[in-house]
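Let us take a walk through this structure together. Please have the model open in your viewer as you read.

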Amino acid sequence: LIFISFCRIRAQELNAQVIVNSDLVNQTNQQIFKTLERSLNEFLNTQVWTNQDLLQQEKITCSFVFNLTNYSNDQFEATLQVQSQRPVFDSNYDTPVLNFLDRDIVFSYQEFQPLFFNQLSFESNLVSLLSFYAYVIIGLDADTFIENGGSVYYEQALQVVNLAQVTSRKGWKPSDGTRNRFWIIDNLRANTFREYRESLYIYHRSGLDLMTENTLDAKRFIMNSLLPLEKLYIRRPNALPLQLFFDAKSEEVVNIFQY
């Protein structure tokens, strides 16, 4: 019992895989990229992001793929593909929850530079990037299990965005585009786009999680979960939450209703 309790206390929230792809960078010495990859994996998987007590198998599976486009004098430019998934009850299937491509990735990193997260201050653009997406992933995961369960984590993601306003790096301000970190967290918190979170909850808890118990009823709930998104589409056809939902779910929805 002591061992189990210790495992609960020590377990972090994310089971993250970070990949740093340097194929597009003309750099003879690849060691810096390998060191960066190890450092990012360690940071995401050892940081305690919430006050939850989780078992090892309860960690959220996610991935961060940095496709580097330029590297010079400790300055990195890249795109970042962030994905997360969560298990479906009574099955060995993991369903995608988030699949987002961030094109505005620029950060500084020196080999073996330690990465520290501080909730009250801006440490670096790299730390803020990882921390922001960690909280978004945790929030979305919570929304699939409990109605509006991710709210507290979205507030923490908002705090990261607010602190990052001091940097000139792109992606943190409303003027930086229509599909960036600022708008992700703004839309997730806004009552205007409440249908997205409502659909996430119904789709997973009343739909997918009942699939092995009663497939027909589960499919009905999944179909019903899409109705709020239709309302959102009529009101805001280009809404970012609609893109977030179908970037993650479109292929899965097709497969569910294919048979």
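Is Asp74 buried, partly exposed or exposed? Keep in mind that you are looking at a predicted model. Asp74 has a relative accessible area of 25%. Buried would require a value under 20% and exposed one over 50%, so Asp74 counts as partly exposed. To find Asp74, go to the loop between strand 2 (60-72) and strand 3 (75-87). While you are there, look at the backbone: the phi angle of Asp74 is near 70°, which is a positive value in a residue that is not glycine.

Phe112 also has a phi near 70°, again positive and again in a residue other than glycine. You will meet Phe112 in the loop that runs between strand 4 (94-108) and helix 3. With a relative accessibility of 64%, Phe112 is classed as exposed.

Another loop to visit links strand 1 (14-21) and helix 2 (31-46), and Ser22 sits in it. The relative accessible area of Ser22 is 10%, so this residue is buried. Setting aside residues up to four places away in sequence, Ser22 touches Gln30, Phe33 and Leu68.

Now turn to the interior. In soluble globular proteins, nonpolar side chains tend to be buried together. Here the largest nonpolar core holds 73 residues, and Leu14, Leu44, Phe64, Phe66 and Phe132 are those with the most contacts inside it. Helix 3 (residues 125-145) supplies the largest share of this core, with 13 residues. Phe132 is a good residue to click on: apart from neighbours within four places in sequence, its contacts are Ala157, Val160, Val161, Trp172, Arg181, Ile184 and Ile185.

Finally, look at a pair of helices. Helix 6 (residues 194-207) packs with helix 9 (residues 240-256) at an angle of about 25°, and their axes are 11 Å apart. Angles under 35 degrees count as roughly parallel, and helix 6 and helix 9 are therefore roughly parallel to each other. Their crossing is left-handed. On the helix 6 side, the contact is made by Tyr196, Ser199, Leu200, Tyr203 and His204, while helix 9 contributes Pro241, Leu244, Phe245, Lys249, Glu252, Val253 and Ile256. Sorted by class, the contact between helix 6 and helix 9 has eight nonpolar, two polar and two charged residues.

Methods: Residues are numbered from 1 along each chain as its sequence is written. This is a predicted model: local features need pLDDT of at least 70, side-chain atom pairs count only at pLDDT 80 or more; totals for chains, interfaces and linings use all residues. Side-chain values use heavy atoms; hydrogens and water are left out. Axes are lines fitted to C-alpha atoms, for helices over the stretch in contact, and angles run from 0 to 180 degrees between N-to-C directions. Helices (H or I, at least four residues) and strands (E, at least two) are DSSP runs, numbered from the N terminus. Angles under 35 degrees count as roughly parallel, over 145 as roughly antiparallel, 65 to 115 as roughly perpendicular and the rest as oblique. A crossing is left-handed if the near helix is turned anticlockwise from the far one by less than a right angle, and right-handed if clockwise. Contact means heavy atoms within 4.5 Å. Ala, Val, Leu, Ile, Met, Phe, Trp, Tyr, Cys and Pro count as nonpolar, Asp, Glu, Lys and Arg as charged, and the others, Gly among them, as polar. A nonpolar core is a set of buried Ala, Val, Leu, Ile, Met, Phe, Trp, Tyr and Cys residues joined through side-chain atoms within 4.5 Å. Buried means under 20% relative accessible area, exposed over 50%, partly exposed in between (1.4 Å probe, protein chains only).
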